[in-house]
Amino acid sequence: MRENIHPEYHKVVFMDTNSGFKFLTGSTKTSNETISWEDGNTYPLLKVEVTSDTHPFYTGVQKFAERGGRADRFMQKYNMKK
């Protein structure tokens, strides 16, 4: 394998922004945000919208059906009427 052509592989924490579910895994992605993990070490934190904790394929149910779509959340956030 040639040297200095591959991205650095390190441990990161992924967090599902919908449920707050977090898991530690390896990745080449990095982030400026960090989080202290259960083992006492600090790792980069990567926020994602969907993980196996909230995706209907893995859960068998749609957990956040009541949240509405992007437009509904925008209207609610800024107290706008439809």
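Me: Where is Asp-16 found?

Reply: Asp-16 sits in strand 1. Strands here are DSSP runs of E with at least two residues, just as helices are runs of H or I with at least four, and both are numbered from the N terminus. Before we go on, this is a predicted model, in which local features need pLDDT of at least 70 and side-chain atom pairs count only at pLDDT 80 or more, while totals for chains, interfaces and linings use all residues. Residues are numbered from 1 along each chain as its sequence is written, and side-chain values use heavy atoms, with hydrogens and water left out.

Me: Is Asp-16 buried or exposed?

Reply: The general idea is a scale of relative accessible area: buried is under 20%, exposed is over 50% and partly exposed is in between, using a 1.4 Å probe and protein chains only. Asp-16 has a relative accessible area of 0%, so it is buried. Its strand shares that character: six of the seven residues of strand 1 (residues 10-16) are buried, so the strand is largely enclosed by the rest of the structure.

Me: Which residues is Asp-16 in contact with?

Reply: Contact means heavy atoms within 4.5 Å. Leaving aside neighbours within four places in sequence, Asp-16 touches Phe-21, Val-48, Glu-49, Val-50, Thr-51, Asp-53 and Thr-54. One of these has a further role, as Val-48 in strand 4 stands opposite Asp-16.

Me: How do I read the sheet, and in what order do the four strands come?

Reply: Two strands pair if DSSP finds at least two bridges between them. Here four strands form an open sheet in the order 2-1-4-3, with mixed pairing. Strand 2 and strand 3 are the edge strands, each pairing on one side only. From one strand to the next the twist averages 45 degrees; axes for such angles are lines fitted to C-alpha atoms (for helices over the stretch in contact), and the angles run from 0 to 180 degrees between N-to-C directions.

Me: How many bridges join strand 1 to strand 2?

Reply: Six bridges join them, and strand 1 and strand 2 (residues 22-27) run antiparallel. To find your place, look for Val-13, whose bridge partner in strand 2 is Leu-24. Five residues lie between the strands of this hairpin, where Gly-20 takes a positive phi near 85 degrees. On to the other pairings: strand 1 and strand 4 (residues 42-48) are parallel over four bridges, while strand 3 and strand 4 are antiparallel over three bridges. In that antiparallel pairing, Ser-36 stands opposite Thr-42.

Me: Which residues make up the largest nonpolar core?

Reply: A nonpolar core is a set of buried Ala, Val, Leu, Ile, Met, Phe, Trp, Tyr and Cys residues joined through side-chain atoms within 4.5 Å. The largest one has six members, namely Val-13, Met-15, Ile-35, Trp-37, Tyr-43 and Leu-45. Strand 1 and strand 4 each supply at least two residues of this core. Beyond neighbours within four places in sequence, the contacts of Ile-35 include Val-13, Tyr-43 and Leu-45.

Me: What about charged side chains: which residue forms a salt bridge with Lys-47?

Reply: Side chains of opposite charge can pair when their charged atoms come close. A salt bridge is counted when a side-chain nitrogen of Lys or Arg is within 4 Å of a carboxyl oxygen of Asp or Glu. The structure holds one. Glu-33 is the partner of Lys-47, with the closest N and O atoms 3.4 Å apart. This pair links distant parts of the chain, 14 residues apart: Glu-33 in the loop between strand 2 and strand 3 (34-36), and Lys-47 in strand 4. Glu-33, at 39% relative accessibility, counts as partly exposed, and Lys-47, at 46%, is also partly exposed.

Me: How many aromatic pairs are there?

Reply: Rings of Phe, Tyr and Trp (its six-membered ring) pair if their centres lie within 6.5 Å; planes under 30 degrees apart are stacked, over 60 edge-to-face, and the rest tilted. The structure holds three such pairs. In one, the rings of Phe-21 and Phe-23 have centres 5.9 Å apart and planes at 35 degrees, so the pair is tilted. Phe-74 and Tyr-78 form a tilted pair as well, 4.9 Å centre to centre with 55 degrees between the planes. Phe-14, Phe-21 and Phe-23 form one aromatic cluster.
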